[in-house]
Amino acid sequence: MVRSRDAQSDSKSQYYENLKSQAQQRLEQLRAASPVKEGPSLLQRLEGNGVSRRDFMKWAAAMAAALSLPVTFRREVAQAAELLDRIPVIYLHLAECTGCSESLLRSDSPTLDTLIFDYISLEYHETLMAASGWQSEEILETSMEQHKGNYILMVEGAVPMAAGGTYLTIGPHAHTGEYILRKAADGAAAVIAVGACATYGGIQAARPNPTNARRISRVVNKAVINIAGCPPSEANIIGTILHYVLFGTLPALDSFGRPRWAYNMRVHDMCERRGRFDAGEFVQRFGDDGARRGYCLYRVGCKGPFTFNNCAIERFNQHTSWPIQAGHGCIGCSEPDFWDTMAPYEEPRKNHLYAGVFGGMGADATADKIGIGLLTATAVGIGAHAIYSITQGNFRNPSLDDKKSVVPSQESTDQSTETESQPK
Amino acid sequence: MSRRIVVDPITRIEGHLRVDVVIDDNNTITDAYASGTLFRGIETILKGRDPRDAGFMTQRICGVCTYSHYKAGIEAVENALGIIPPYNAQLVRSLMGIALFMHDHVVHFYHLHGLDWCDITQALAADPRKASDLAFRYADFPVATGADELTAVQARVKTFVDKGHLGPFANAYWGHSTYRFTPEQNLIVLSHYLKALEVQRLAAQMMAVFGAKQPHPQSLTVGGVTCIMDLESPKRLGEFLTRFEQTADFIKRAYYADVKMAAEAYGSEDSVLQGCNIRNFMASSQYPISRTESLFDSGYILDGDLSRVYDIDDEHITEEATHAWYQNNEPLHPYEGKTQPNYTGFQDGDTVNGPAKILDGQGKYSWVKAPRYNGKPMEVGPLAQMLVSYGRGNPRVQKLVNNFLSETGLPVEALFTTLGRTAGRMLQTMLMVEGGHEAFGNLVENLKVDRETCAAYSIDNNREYRGSFSGDVPRGALSHWVTIKNGVIDHYQCVVPSTWNASPRDAQGQPGPYEAALVGTTVADPTQPLEIIRTIHSFDPCLACAIHVMDVEGNCLAEYRVDPQTGQTS
Ligand code: SF4
Ligand code: SF4
């Protein structure tokens with residue numbers, strides 16, 4: 001697993017000692033806080049649902065590993081989970097498709113949905129809450145008031161800013177999305193942006209961004225944790241909440257505001273097809289013999305070399321699969337503005353290099369630097385192995401022996417992949 | 001004296017929806033207005049992009065029926081380019097579609113709609129042993145059985161209700177007089193609500209086996225599917241089949257049984273025996289399960305007359321914006337459609353809950369336009385699909401519907417209600433279970449002799465292409481329309497189910513299906529409008545879908561029509 005970078009400079013054990021006492025202090029603090037809910041303990045309740053203490057500790061160990069912590073942290077993770085129900089969560093939906101909530105609904109083993117429904121105090125969530133209309137508005141008001149300074153605000157969706165924000169209104173008083181977000185962010189202990197729309201604007205912010213949709217970090221005056229992805233895996237959503245509960249602080253973030261524990265590895269470096277890439281074995285067209293054998297998908301557009309995310313390890317839907325396993329390239333959905341910078345999705349990215357550290361969005365980007373370092377080596381590989389696609393340019397799933405059906409690349413297509421925000 | 005009720009947000013749906021209704025002295029709804037309150041603009045964004053990317057982008061219209069727009073976007077482009085995907089790919093796409101229906105309808109019934117029928121607080125008063133016995137009345141092998149198990153469910157929920165904080169269950173309309181289940185029946189549904197959380201995870205895995213992930217699968221490509229390694233792995237096929245069986249089992253033993261139980265319990269509740277004042281229904285064909293058979297039929301019926309199903313002719317489609325926040329009020333054929341925003345906002349008004357913003361029913365009040373067929377509003381969705389297929393003589397559908405009616409003793413007329421809409425969705429899920437088995441068997445057989453999963457093709461940059469997709473998805477009839485020029489998308493347009501259903505009034509003053517469904521309903525307590533929520537939920541609203549189509553730049557983005565040949569999958 002990937003180790004925290006600081007651990008390499010510090011004496012490693014000393015580092016984790018400190019971290020641990022930090023976590024323990026935090027847990028003490030939470031324990032002292034008055035619980036939102038009362039009732040039987042988490043374990044009692046889990047046992048009632050057929051989850052043994054052993055299963056629970058196994059889950060905690062796995063979660064510790066996912067959070068880049070040594071397995072000795074499993075006890076703290078378990079305790080954090082037990083304390084989760086003391087933290088109220090307000091979850092807002094702005095301009096979005098609800099895919100991220102759906103992802104949350106699939107949450108991970110064992111019975112993470114049990115954790116969500118029973119152990120976080122989910123105060124407001126439009127897709128799940130029983131109350132409607134005035135009654136739901138009232139919940140939002142009172143929980144913002146009652147838990148001021150203590151709740152986690154999770155936001156799914158971008159903020160439409162055009163026309164004074166009136167492209168989105170919610171509630172009997174028809175407040176704009178922007179108004180509600182600002183107000184909710186004011187009293188929040190932490191603000192978490194869930195998914196591509198909240199983190200970087202998402203599909204509606206793709207060129208020409210007709211509603212002037214904005215990422216939430218450009219609207220609220222607070223640090224925002226960006227859980228990137230369209231949608232992010234359930235493991236990344238839950239893990240980020242857990243991290244906050246454990247340490248009471250924001251997790252270490254990369255230059256794009258993403259928690260490093262989940263986004264400091266490149267898809268390409270963890271990919272099961274990496275050996276094929278290094279060996280120069282590429283799928284030439286979908287459905288060919290290479291596709292049957294699991295060759296690398298770079299030539300049919302895989303953006304794994306430019307994308308930071310842990311999908312190759314965590315996968316989706318309780319580790320059932322992930323795009324590259326299903327034979328389709330990565331489309332780069334955890335990168336900023338990927339709708340503009342990664343398209344077309346079934347063409348190699350040609351001359352682009354990953355822009356991470358030069359994006360100018362944050363100071364500390366060691367994880368990105370590591371990625372860039374690796375990428376330089378990789379770029380050579382891409383150049384060598386994929387020269388065919390670069391010169392040939394166009395790729396329309398032609399039959400292999402039908403060279404005539406390959407039509408040369410068009411300027412217009414190339415232009416649509418350019419982006420102003422992409423530093424050269 | 002008339003008074004107004006405002007319900008905003010309508011929760012437990014996809015997207016942002018408001019409903020304003022006017023009630024008379026008897027609390028009977030005399031007028032209703034539905035308003036979509038968000039707009040996004042995805043077709044504008046598609047313009048100038050690589051046509052192979054269309055499916056990935058349109059997929060983000062909705063993360064709930066996450067696969068519908070993906071497949072539609074891919075197949076519209078295939079249709080334009082004249083590509084027929086290999087048989088294996090067609091079957092895999094059907095299986096993923098079937099997985100979506102099974103997932104989506106279960107989540108809708110239990111987690112979105114369920115709390116409109118089931119009062120969870122009442123479940124606490126139930127006798128678990130009695131409930132266990134009762135479950136056998138609705139299913140031969142019920143899911144919620146065993147006094148122990150039901151006692152555990154009860155204990156679990158007690159922690160919400162008794163002591164603390166209700167979390168997502170707080171401040172709902174618990175105790176409302178139109179809840180009709182007995183405590184035991186409530187306990188049965190509640191235990192299924194919790195069980196369905198597990199089942200929906202399995203159903204999502206089912207799609208992920210061939211689709212990489214759910215929501216937003218990623219294994220379709222123009223020409224076919226990419227998951228060839230999964231298809232050639234007996235282990236993966238086995239995983240799909242296991243998930244399928246587990247989900248199907250729950251659908252048959254719990255979902256079917258619970259809707260039967262609701263039909264019995266709510267058979268005397270007036271507010272659910274209305275909710276269908278527009279009796280025009282429209283549906284589209286889709287989902288091949290063999291070389292000769294598809295699961296759905298297409299056509300439309302008028303005034304609830306099942307004896308005549310008409311073919312759809314796209315010339316008769318218009319859209320207008322008399323009451324939508326756009327300029328150009330007159331009804332226009334989608335070919336001439338214009339979308340220039342003209343936001344006029346809300347009015348200050350009085351409601352039964354106090355002063356609020358209210359919709360201007362005389363003026364413009366929604367981001368959803370008003371599509372009409374031959375000048376008439378149309379309801380689309382599972383009920384429409386079941387009625388059209390029934391009218392067409394589809395033997396599978398006739399059998400399912402007739403069985404259900406005879407088991408519940410309901411007359412055909414009961415289908416044209418809020419209850420009927422909910423039952424129609426369940427019956428459609430049963431149809432998917434039946435069809436899924438056959439499609440899977442056909443796929444396994446075909447893979448023995450045929451390994452093709454993706455057709456060869458090329459795009460000629462000097463040619464202009466035009467094509468479309470049309471078919472029914474979980475919320476009803478969907479179509480996508482694409483024009484390709486210079487190798488990139490020139491025009492793109494989607495006509496989506498919720499635009500039909502959530503439509504505002506037109507120039508003639510004809511309300512849309514949501515609006516009409518509410519008129520005539522009497523609400524027991526205007527400050528707790530459960531009846532309104534229940535009827536609106538029975539449509540399974542998806543507002544991100546309904547409003548994605550608008551383009552603030554005011555460009556006419558695409559030809560916009562409904563295919564006369566909706567009998568074909570694109
Ligand atoms: S980030 Fe993606 S999945 Fe999430 S709401 Fe936006 S479009 Fe949907
Ligand atoms: S290019 Fe894509 S498929 Fe190939 S090794 Fe890298 S991440 Fe894997």
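At which residues does UniProt place the feature "binding site"? The UniProt record, an unreviewed entry, places it at Cys65(B) and Cys545(B). These two positions span 481 residues in sequence, yet their C-alpha atoms are no more than 9.8 Å apart, so they gather at one spot. UniProt positions follow the numbering used here, feature names are shortened, and annotations may be inferred rather than shown by experiment.

This is a predicted model in which local features need pLDDT of at least 70 and side-chain atom pairs count only at pLDDT 80 or more, while totals for chains, interfaces and linings use all residues. Residues are numbered from 1 along each chain as its sequence is written, chains are lettered from A and ligands numbered from 1 in the order in which they are written, and side-chain values use heavy atoms, with hydrogens and water left out.

The table sets out the two cysteines; buried means under 20% relative accessible area, exposed over 50%, and partly exposed in between (1.4 Å probe, protein chains only).

| Residue | Place in chain B | Relative accessible area |
|---|---|---|
| Cys65(B) | loop between α2 (54–59) and α3 (68–81) | 2%, buried |
| Cys545(B) | helix α16 (residues 543–547) | 3%, buried |

Helices (H or I, at least four residues) and strands (E, at least two) are DSSP runs, numbered from the N terminus. Contact means heavy atoms within 4.5 Å. Not counting residues up to four places away in sequence, Cys65(B) touches Leu100(B), Asp104(B), Pro474(B) and Arg475(B). On the same basis, the contacts of Cys545(B) include Cys62(B), His69(B) and Thr499(B).

A nonpolar core is a set of buried Ala, Val, Leu, Ile, Met, Phe, Trp, Tyr and Cys residues joined through side-chain atoms within 4.5 Å. The largest such core has 229 residues, of which Phe210(B) and Ile532(B) touch the most other members. Helix α4 (residues 87–117) of chain B gives the most to this core, with 18 residues. Domain 1 (23–262) and domain 2 (265–378) of chain A both contribute residues, so the core lies between them; the domain bounds come from an automatic or database domain assignment. Leaving aside neighbours within four places in sequence, Phe210(B) is in contact with residues including Ala326(A), Leu95(B) and Phe240(B). A second, separate core of 31 residues includes Met129(A) and Val224(A).

Chain A has 20 helices and 9 strands, and buried residues make up 66% of its 424 residues.
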